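Here are some notes to read alongside the model, written for someone opening it for the first time. Keep the viewer at hand and follow the points in order.

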Amino acid sequence: MRDITKERFADGKPLLRRYHQARWDEPIVFELSSKDERGILLPEVEKGIRDKVGDVLDALPEGMRRERPPALPEISQPQVLRHYVRLSQQTLGADFNIDVGQGTCTMKYSPKVHEDLARSPHAACLHPYQPDETVQGVLEIMYSFEQILKEVSGMDRFSMQPGAGSAAIYASASIIRKYHEMRGEGDTRDEIITTSFSHPSDAACAKVAGYNIVTLPPDKDGYPDFEALEAAISERTAGLLMTNPEDTGIFNPDIKDFVDLAHENGALCFYDQANANGILGITRSREAGFDLCHFNLHKTFSTPHGCGGPAAGALGVTEELAQFLPTPVVACEDGIYRLDYDRPNSIGKVGAFHGSAGCVIRAYAWAMSLGADGMKTAAEVAVLNNNYFLKKVLEIPGASAPYASGKYRIEQVRYSWEELTKDTGVHSEELGVRAADYGVHYWTSHHPFVIPEPMTLEPTESYTRAELDEYVEILRAVAQEARDNPDKIKKGPYNCPIHQVNHDEFDDPNKWAITWRAYQKKKDK
Amino acid sequence: MCTPRPKLGLIVNPVAGLGGAVGLKGSDGVDTQEKALALGAVPLSPARATRALERLAKIKDLFDLFTCGGRMGLEATRSAGLAATVITDPGDVTTADDTRNAAQAMAGQGVDLLLFAGGDGTARDIYDAVGDSISVLGIPTGVKIYSGAYAVSPAAAGELAADFLQGKTKETHDAEVMDIDEASLRQGRVSAQLYGYLRIPRRRRLTQGVKASSDAGEAVAAAVAAADVVHDMKPGRYYVMGPGTTTRAVMSELKLEGTLMGVDVVRDGKLEARDAGEQQILDLVAGRDASVVVTVIGGQGYLLGRGNQQISAKVIREVGRENIIVVATRAKLNSLQWRPLLVDTGDDEVDALLSGYIRVVTGHDEQAVCKVGGLEV
């Protein structure tokens, strides 16, 4: 009898998976529509009830009544089920693969037991307009989670309303504006300073909030150039928006100097802590002197990324800025929780209601299940995993980690395949596509690239050593193939549902549609 | 419908790179070449050209190849196993004239892409012959290359050429051709002047990835930055526009036909001077409200002193440091890895005046703070 356990390793290294993904060639769901086919047949209303109640639709205001039924596909249940499960087999994600390739996203495990909590009727059937006294439980969760975030960050008040990290950054730019307006400097302070390696949302959201954006260069070590800040800061500076560690994974030890200089010039400081996975329980934004910070609950705090949401960007501020937080916030008096709308200096709303309850419930459950010690351990393991990974990846010929050579990183690294590209003509994106033939994915970098031929990897604490080793072996194999058989790489992938997509079509609106309705309009052109 | 096969031209400068390994810093001129050979230099150019061509072997039935006889192309094509039509035959000892003649012959042949193997000198010869009238791409074989018309490696050149010939990438962009003063280089000073622009294929990205925002594209980014500069232009003020593609974008925004390589002067949306020299500029701006608009030139990142000497130390003194507007795309700054920008006006005092940090317009209401250093070390 074969020993199947011995087939997974050779010389202590994991063998590459003989991976092949499903390819269903599945139509669009609208193509599956069959007239009058139904998934649920509603029971007839009894005559007695109908006679008493009449037509309930009469109560609907005229202007809210549909003229035509909604153009939904008509399909029965098993067909719907099969359709979506098939589509799910054609994707990759944190539930499927070693998802360490989505650096900065922090693709850690979203515990399924927390899904039970968030999906229980006690949580899922609540309506945000219910009176406060009927939703004390979820308000208590939000309030309690706020206390946890206060301890984690050192900030005084939090809002859960922003529906994403970007929304939280936009909210903080709005708070900065309101702060200066109330001090009579709203017109003169029209600039926000950020750094070249900060998340693009820092510049983008501040821009949308109406600010002029000034970007600082990196110094030769990869840290933001402090002298550049000295040159850039002025009485026109409203705020400084920074990420630390930045996407390179390098922690700036002089961050407090940046904050002090900004404060000396009357500017506020916002800490983009969307990804705090490597610093929980180790360092806090308050100690560095920041006035505002935010956390992406779908990154560090384990809530699922979903399909780009629903999400939450919890926004924290000092007591002085609490008056400006989005409305409503959750307040507590004598053990009674309520939504506080009486906030005259609030910036208003940046999201629906008071936040995504489902996200907060999951994040709270994660924090409570780990406790303070557990959260710190998670950060330490994430940092350890990342530095183990760094060492292993750099053993692959052609891979490098620009800046801070020889130094440890925090939770992620932006690598470069520049040497390999010079030798072989194969580019980073092509390596990533070929890696998908082994069931993994990696992300290059934000555009435009600073580090050439980039690859940004973030292991988090959720993967075993065996999984990290498997990922490295895949990279090693693909990098070697780039030398031995570059054409094979360039013609990949071979085991994925989709082959290469012709990007030329993306630039021609007559070649794509993002809704069925749009497709109907365009298809006969 | 039957479309004709694309045509690829190949010119190899067999002596490019000759001086590098033996420390002569370049290979211009018969004397230098003879010296290099005497020092035991081995020509690298043909082998590197072959390496690039090997990447085209997989599509050899999809294009027609035109080249020059002997060491200027035919030998490399044979080594790569490709059939080619010879359209010029230079003989044993080749010179820059042969390169130029060959390039013109290729253009006459109607090649869709001209591959040339060499260094900065070869790029200048190609530019002299065909300018930006046809698409070209450099196979790097020279000593450290300052011109942007080259792929990062022979392999990369071959791959990009293959993609271009198959229509996988159709866009082209202007790449700087730099004029290197080899004599200075041998004395340890880099002196690279902007010589011209060649049109090279732009590599198309394979995937954008889930997290990437849409790539604005350099042309669009330059246009946006240019629009910001135009938006802030004051009535009655003179604007001295330096050379470069980003400053050209400013001229396009103003709907003016300036010179890509020269310095133009604009006021109230009108062209006051075209391809002006230093004196003409001084005559216009002396005692008047004026600004200088420059972009970043070359792979070293020069603001002043490399192709815009008309904007001299005198002009800078007249206009004032605070009236220098720098416009560049983020992509350009990224390609320099955000190294300090360089100035070399020939006047130490003015160079020192310009040192420190400067704001660079990179988009609408967007600036980058860049360090300005001295001469490149």
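**Notes on the two chains**

1. Let us begin in chain B, where strand β1 (residues 7-12) and strand β2 (residues 64-68) run parallel and are joined by four bridges. If you would like a spot to zoom in on, find B:Gly9, which stands opposite B:Phe66 in β2(B). Please keep in mind throughout that this is a predicted model.

2. Now widen the view to the sheet around that pair. It is an open sheet of five strands in chain B, ordered β3-β2-β1-β4-β5, and the pairing is parallel. Which strands form the edges? They are β3 (85-88) and β5 (136-140) of chain B, each of which pairs on one side only. From one strand to the next, the twist averages 25 degrees.

3. Next, look at the helices on this sheet. Helix α5 (residues 120-130) of chain B packs on the sheet and touches β4 (113-118) and β5 of chain B. The direction of α5(B) makes about 145 degrees with that of β4(B). Helix α6(B) also packs on the sheet, where its contacts are with β1, β4 and β5 of chain B. For α6(B), the angle to the direction of β5(B) is about 160 degrees.

4. Step back to the domains of chain B. The domain assignment gives domain 1 as 7-201 and domain 2 as 218-373. Taken over C-alpha atoms, the centres of these two domains of chain B are 31 Å apart. Eleven residues from domain 1 of chain B and eleven residues from domain 2 of chain B take part in the contact.

5. What does the domain 1 side of that contact in chain B consist of? The elements that supply two or more residues there are β6 (172-180) and β7 (192-201) of chain B. Strand β7(B) gives the most, with five residues. Sorted by class, this side of domain 1 of chain B has five nonpolar, four polar and two charged residues.

6. Then turn to where the chains meet. Here 30 residues of chain B are in contact with 33 residues of chain A. On the chain B side, at least two residues each come from α6 (154-165), α12 (330-335), β15 (356-363) and β16 (366-373). You met α6(B) above as a helix packing on the sheet. The most is given by β16(B), with six residues. By class, the side of chain B that touches chain A has eleven nonpolar, eight polar and eleven charged residues.

7. Strand β16(B) deserves a second look. It pairs with strand β5 (residues 212-216) of chain A in the parallel sense, over three bridges. For an example of the pairing, pick A:Ile213, whose bridge partner in β16(B) is B:Glu366.

8. Finally, a look at chain A as a whole. It has 15 helices and 13 strands. Why can chain A be called as compact as a globular protein of its length? Its radius of gyration is 26 Å, close to the 24 Å that the globule rule gives for 525 residues, so chain A is as compact as a globular protein of that length. The C-alpha trace of chain A spans about 80 × 65 × 55 Å along its principal axes. Buried residues account for 45% of the 525 residues in chain A. Of the contacts in chain A between residues at least 6 apart in sequence, 72% join residues at least 24 apart.

Key
Residues numbered from 1 in each chain as written. Chains lettered and ligands numbered in written order. Predicted model: local features only at pLDDT ≥ 70, side-chain atom pairs only at ≥ 80, totals over all residues. Rg over C-alpha atoms; globule rule 2.2 N^0.38 Å. Buried ≥ 20, exposed ≤ 12 C-beta atoms within 10 Å, placed from the backbone. Contact = placed C-beta atoms within 7 Å. Nonpolar A, V, L, I, M, F, W, Y, C, P; charged D, E, K, R; others polar. Pairing = 2+ DSSP bridges. Axes fitted to C-alpha atoms, helices over the stretch in contact; angles between N-to-C directions. Domains from an automatic or database assignment.
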